[in-house]
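Please open the model in your viewer and keep the selection tool at hand, since this tour goes from one selection to the next.

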Amino acid sequence: MHPRRFEAWALSDGRAGNARQAEALAAALAGTGARSLHLGPHAPWRWLAPRRLPGSDAAFGHAFARALRAPPALAIGCGRQAALATRLARAHGARVVQILDPRLDPLHWDVVVVPEHDALRGRNVVTLLGSLHPVDDAWLAAGRAAFPAIGQLPGPLTAVLLGGDSRHGRFDMAMLDALLSRLDALPGDGGSLLLLASRRTPDAIRAALHARAGTAPGLAWTGDADGPNPYAGALGWADRIVCSPDSVNMLSEACATHVPVWVADPGSVGGRPRRFVDALLARGRIAVLGNPPPASVSPLRETARVAAEIRARLGLPPAQVSAA
């Protein structure tokens with residue numbers, strides 16, 4: 001008789017930052033047993049999550065309610081909506097891990113994972129520097145294999161990862177102009193720019209990236225109209241990376257590579273992103289664009305460490321791997 005397959009749900013509202021963290025941790029803990037579920041909450045739970053009300057099993061529709069009848073061994077959620085879903089999974093017998101501060105007593109979950117720059121602490125709280133993500137040597141190699149043409153561009157290759165406006169700061173044309181002028185001062189003659197926008201990048205900046213890409217070797221990717229997203233290939237092939245300061249996820253993934261990372265204009269953001277930038281500067285993993293290279297280029301990879309700690313705390317089996 002075969003043992004029951006260890007399954008882990010990765011629960012999120014489908015937003016890229018939340019889904020990526022839940023899916024990365026689920027893959028690290030369950031391997032091929034990881035399953036991604038994007039939640040569509042109904043009112044009133046959409047507004048009140050993660051608080052449970054009578055009838056909460058129906059908060060995410062009939063399909064999720066049916067799935068709860070046979071819960072997985074482990075459910076991992078990221079974000080406020082997922083925090084309710086993981087509570088429901090726990091009530092049905094699953095072990096549960098919640099990523100990011102759920103704004104309730106963490107003892108409603110088996111483990112809560114939060115960035116060091118958050119204030120939440122507790123006996124079942126695990127902290128990490130930055131965010132969870134899938135970037136490791138295998139992921140970078142897969143990125144190079146998927147985008148071999150990037151490796152044929154003239155070096156050095158500079159990947160430029162740009163976010164956009166957020167509640168912690170603005171990213172406007174003046175900041176882009178300053179960033180691009182400082183790129184020209186990076187050491188190394190010639191080379192290529194890999195200019196990558198994100199979903200928050202303003203339209204005017206997207207247009208400017210295309211204009212800049214037309215003047216030098218490299219590429220600009222600003223959305224689906226430009227073809228497949230070369231993000232993994234850019235990180236895999238880059239000789240150095242420059243990031244805007246507004247995204248903890250983006251900076252975390254850049255710092256998981258083996259190359260120098262610069263951050264542009266950290267004074268333009270506050271709050272959690274700024275605290276994370278300051279922590280990376282203190283460790284010497286990044287430098288401010290315009291300054292000498294960072295002191296350290298050791299990859300910062302917290303996902304494997306966090307997964308190992310959760311596995312030990314909850315007594316979970318090793319991750320399943322493909323037989324291929």
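A residue is called buried when its relative accessible area is under 20%, and this cut-off will be needed at several stops. Keep in mind throughout that the model is predicted.

**First stop: the cysteines**

Select C78, and ask whether this residue is buried or exposed. With a relative accessible area of 1%, C78 falls under the cut-off of 20% and is therefore buried. The structure holds zero disulfides, and C78 accordingly is in none, the nearest cysteine sulfur being that of C255, 19 Å away.

Now move to C255, which is buried as well, with a relative accessible area of 0%. Which cysteine has the sulfur closest to that of C255? Select C243 and display the distance between the two sulfur atoms: it is 7.0 Å. A disulfide requires the sulfur atoms to be within 2.5 Å, so the sulfur of C243 is too far from that of C255 for a bond.

**Second stop: strand β10**

C243 belongs to strand β10, so select residues 240–243 next and look at both faces of this strand. In a regular strand the side chains alternate between the two faces of the sheet. Here R240 and V242 lie on one side, while I241 and C243 lie on the other, and all of them are buried, which leaves both faces of β10 covered.

Add strand β7, residues 157–161, to the selection: β7 and β10 pair in the parallel sense over four bridges, and you can find A159 standing opposite I241 in β10. Then add strand β11, residues 261–263, which runs parallel to β10 and is joined to β10 by three bridges, with V242 opposite W262 in β11. Finally, show helix α9, residues 248–254, and you will have a right-handed β-α-β unit made of β10, α9 and β11.

**Third stop: the aromatic rings**

How many aromatic pairs are there? The count comes to three. One of them joins W9 and F64, whose ring centres are 5.8 Å apart and whose planes stand at 55°, so this pair is tilted. The pair links distant parts of the chain, because W9 is in strand β1 (residues 8–12) and F64 is in helix α3 (residues 62–67), 55 residues apart. Both W9 and F64 are buried.

Keep F64 selected and add F60, which is buried too. The rings of F60 and F64 form an edge-to-face pair, with 5.5 Å from centre to centre and 80° between the planes. Show the three residues together to end the tour, for ring pairs link W9, F60 and F64 into a cluster.

Notes. Residues numbered from 1 in each chain as written. Predicted model: local features only at pLDDT ≥ 70, side-chain atom pairs only at ≥ 80, totals over all residues. Heavy atoms only, no water. Buried < 20%, exposed > 50% of the residue type's maximum accessible area, 1.4 Å probe, protein only. Helix = DSSP H or I, 4+ residues; strand = E, 2+ residues; numbered from the N terminus. Pairing = 2+ DSSP bridges. Right-handed = clockwise from strand over helix to strand, strands pointing away. Phe/Tyr/Trp six-rings, centres within 6.5 Å; stacked < 30°, edge-to-face > 60°.
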